[in-house]
Amino acid sequence: MTSNRTFTMIKPDAVANGHIGNIINDITVAGFKIKAMKYLQLTNAQAEGFYAVHKERGFFGELISFMVSGPIVAIILEKVNAIEDFRTLIGATNPENAAEGTIRKKYAKSIDANAVHGSDSNENAAIEGSYFFSEFERF
Ligand code: CMP
C-alpha cells in the first residue's frame with residue numbers, strides 16, 4: 001500500500017498545558033513520520049481562512065478566538081492509511097466521546113479545546129498542509 005499524508009495542528013490548549021512532547025510521542029509511536037513541522041501563533045485572518053468551511057456554524061466565533069489564543073504546532077504526517085488511522089488515534093471531536101487511550105481522551109478538555117486537529121480527507125489534508133508549508137518546506 002502507498003503511504004499518504006494527513007495534516008494536524010496541536011492546538012493552543014495542548015501547547016499551553018505542556019503536551020507537545022507527549023502528543024508527538026504518541027503520533028510517532030503509532031507509526032506516523034513527520035514530514036514538516038512549524039510552531040507559530042495564528043492571526044485572526046489565518047484562523048478564519050483555515051476554518052472557512054465552518055464560517056456559517058454557530059461555534060465559529062468561539063473557535064477562532066480559541067485558535068488565536070496561543071501558539072500551535074502545524075505538522076504534516078505520513079503513513080499508510082494516514083487519514084483514517086490518525087482520526088482513530090486522536091478520537092472523537094468531543095473529548096467526552098473519545099475512546100480510552102486516544103489523544104483527545106488523554107489531553108483534551110472540551111470540544112473547542114480538543115488538543116489536536118486532524119484532516120478528514122486526502123483532499124483536505126493537501127489543502128490544509130499547503131496553508132502552512134510551501135513545496136520547499138515539504139519533503
Ligand atoms: P477541528 O477538527 O479542528 O475542526 C473544527 C473544530 O471546531 C473542531 O475541531 C472543534 O474543536 C470545534 N468545534 C466547536 N464546536 C463544535 C461542534 N459543535 N461541532 C464540531 N466542531 C466543533
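**A ligand and its surroundings**

Let's start at the ligand, where one of its oxygen atoms is 2.6 Å from an N or O atom in the side chain of Tyr-51. Keep in mind as you look around that this is a predicted model. Lys-11 offers another polar contact, with an N or O atom of its side chain 2.7 Å from a ligand oxygen. Asn-114 joins in too: a polar atom of the Asn-114 side chain lies 3.3 Å from an oxygen atom of the ligand. On its own the ligand has 450 Å² of accessible area, and the protein covers 79% of that.

Now step back to see where all this happens. The ligand sits in the largest pocket. Besides Lys-11, Tyr-51 and Asn-114, the residues around the ligand include His-54, Arg-57, Phe-59 and Leu-63. Further along the chain, Thr-93, Arg-104, Ile-111, Asp-112 and His-117 also belong to this shell. Sorted by class, the shell is made of four nonpolar, four polar and four charged residues.

Let's leave the ligand and turn to charged pairs within the protein. Side chains of opposite charge can pair when their charged atoms come close. The structure holds five such salt bridges, and one of them is worth finding on your screen. Asp-26 and Lys-106 form a salt bridge in which the closest N and O atoms are 2.8 Å apart. This pair links distant parts of the chain, as the two residues are 80 residues apart. You will find Asp-26 in helix 2, which spans residues 20-29, and Lys-106 in helix 6, residues 103-107.

Definitions and conventions: Residues numbered from 1 in each chain as written. Predicted model: local features only at pLDDT ≥ 70, side-chain atom pairs only at ≥ 80, totals over all residues. Heavy atoms only, no water. Near = heavy atom within 4 Å. Polar contact = N/O pair within 3.5 Å; in protein donor to acceptor, adjacent residues only side chain to side chain. Areas by Shrake-Rupley, 256 points an atom, 1.4 Å probe, with all protein chains shown as cover. 1 Å grid on protein atoms, 1.4 Å probe; cavity = no way out; pocket = protein on both sides within 12 Å on 5 of 7 lines; lining within 4 Å. Sits in = over half its atoms within 2 Å of the grid points. Nonpolar A, V, L, I, M, F, W, Y, C, P; charged D, E, K, R; others polar. Salt bridge = Lys/Arg side-chain N within 4 Å of Asp/Glu carboxyl O. Helix = DSSP H or I, 4+ residues; strand = E, 2+ residues; numbered from the N terminus.
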